[in-house]
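Trainee: I would like to learn how to read a helical model feature by feature. Could we go through one together, with the general idea coming before each case?

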Amino acid sequence: MSKYADKVAARRAEAAIDLAVRITDREILPPAPPAPPRPKTPPPPPRGILVDLGELPARCASAFDEAAAALDRAAEAAREILGRAQRSVQSGEALGAAGLAETFAPRLRAAATRLRRMPAAPKGGAR
């Protein structure tokens with residue numbers, strides 16, 4: 001490099017160092033304003049109050065039972081397809097359908113059982 005290029009590079013390096021020192025000493029950037037206070041969140045609504053659901057849980061449970069029965073029929077049909085398809089391209093879809101139906105039917109029956117055991121509203125209205 002020429003003498004002039006060396007002088008310019010030295011001057012730029014000195015200016016960059018001076019700028020970095022001034023920034024870290026907060027001479028250039030003003031201090032950040034304090035964060036505004038966060039508003040207080042209201043308390044959650046009280047829990048544990050039973051409401052009268054009427055026959056809704058029983059209706060939902062019976063619908064789940066009907067869906068489980070339909071899935072059982074679908075699993076039987078998928079197993080029959082799987083028996084006929086044996087080792088063909090179609091057997092993968094049949095196996096997937098059977099697995100899906102056999103997996104979800106017990107879950108639906110368990111959900112129906114839990115719905116039937118759901119506590120009803122106490123006598124005399126809500127607590």
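**Reading salt bridges, burial and contacts**

Mentor: Let us start with the charged pairs: the structure holds 4 salt bridges. Please keep in mind throughout that this is a predicted model, and that every value we discuss is computed from it.

Trainee: Which residue forms a salt bridge with D65, and how far apart are the closest N and O atoms?

Mentor: The general idea is that a side-chain nitrogen of Lys or Arg has to lie within 4 Å of a carboxyl oxygen of Asp or Glu. Here the partner of D65 is R116, and their closest N and O atoms are 2.1 Å apart. This pair links distant parts of the chain, since D65 belongs to helix 2 and R116 to helix 3, with their positions 51 residues apart in sequence. D65 counts as partly exposed because its relative accessibility is 27%, and R116 is likewise partly exposed, with a relative accessible area of 49%.

Trainee: Which residue pairs with R109, and which one pairs with R79?

Mentor: R109 forms its salt bridge with D72, where the closest N and O atoms are 2.1 Å apart. Again the pair joins distant parts of the chain, with R109 in helix 3 and D72 in helix 2, 37 residues apart. R109 is partly exposed at 34% relative accessibility, and D72 is partly exposed with a relative accessible area of 29%. R79, for its part, is bridged to E102, with the closest N and O atoms 3.1 Å apart. That pair connects R79 in helix 2 with E102 in helix 3, 23 residues apart along the chain. R79 is partly exposed, at a relative accessible area of 38%, and E102 counts as partly exposed at 38% relative accessibility.

Trainee: How should I check the length of a helix, and what span should helix 3 have?

Mentor: One takes a rise of 1.5 Å a residue and compares the expected span with the distance between the end C-alpha atoms. Helix 3 runs over residues 90–116, so its 27 residues should span 39 Å, and the end C-alpha atoms are indeed 39 Å apart, in agreement with the expectation.

Trainee: Which residues of helix 3 are buried, and what covers them?

Mentor: Burial is read from relative accessible area, with under 20% taken as buried. In helix 3 the buried residues are S91, A94, A98, A101, A105, L108, A111, A112 and L115, and the cover over them includes helix 2, residues 56–85. Take A101 as one example: it is buried because its relative accessible area is 3%. Leaving aside neighbours within four places in sequence, A101 is in contact with L71, A74 and A75. The C-alpha atoms of A101 and A68 are separated by 8.4 Å, although their positions lie 33 residues apart along the chain. S91 is another example, counting as buried at 16% relative accessibility, and it touches L82, A85 and Q86 once residues up to four places away in sequence are set aside.

Trainee: Seen from helix 2, what does F64 touch, and is it buried, exposed or partly exposed?

Mentor: F64, which lies in helix 2, counts as partly exposed because its relative accessibility is 27%. Not counting residues up to four places away in sequence, F64 touches L108, A111, A112 and L115, each of which is among the buried residues of helix 3. Along the chain, F64 and A74 are 10 residues apart, and their C-alpha atoms are 15 Å apart in space.

Trainee: What is the sign of phi at Q86, and where is that residue placed?

Mentor: Most residues other than glycine have a negative phi. Q86 has a positive phi of about 50° although it is not a glycine, and its place is in the loop between helix 2 and helix 3. Q86 counts as exposed because its relative accessibility is 58%.

Trainee: Finally, which residues form the nonpolar patch on the surface?

Mentor: A patch is read by grouping accessible nonpolar side chains that lie within 5 Å. In this model I49, V51, L53, L56 and M118 form such a patch, with about 420 Å² of accessible area together. One of these residues, V51, has its place in the loop between helix 1, residues 3–24, and helix 2.

Methods: Residues are numbered from 1 along each chain as its sequence is written. This is a predicted model: local features need pLDDT of at least 70, side-chain atom pairs count only at pLDDT 80 or more; totals for chains, interfaces and linings use all residues. Side-chain values use heavy atoms; hydrogens and water are left out. Helices (H or I, at least four residues) and strands (E, at least two) are DSSP runs, numbered from the N terminus. The expected span of a helix is 1.5 Å times one less than its number of residues. Buried means under 20% relative accessible area, exposed over 50%, partly exposed in between (1.4 Å probe, protein chains only). Contact means heavy atoms within 4.5 Å. Patches are made of residues with over 30% relative accessible area and no salt bridge: like charges are joined within 9 Å, nonpolar side chains (Val, Leu, Ile, Met, Phe, Trp, Tyr) within 5 Å. Accessible areas come from the Shrake-Rupley method with a 1.4 Å probe; for residues, only the protein chains shown count as cover.
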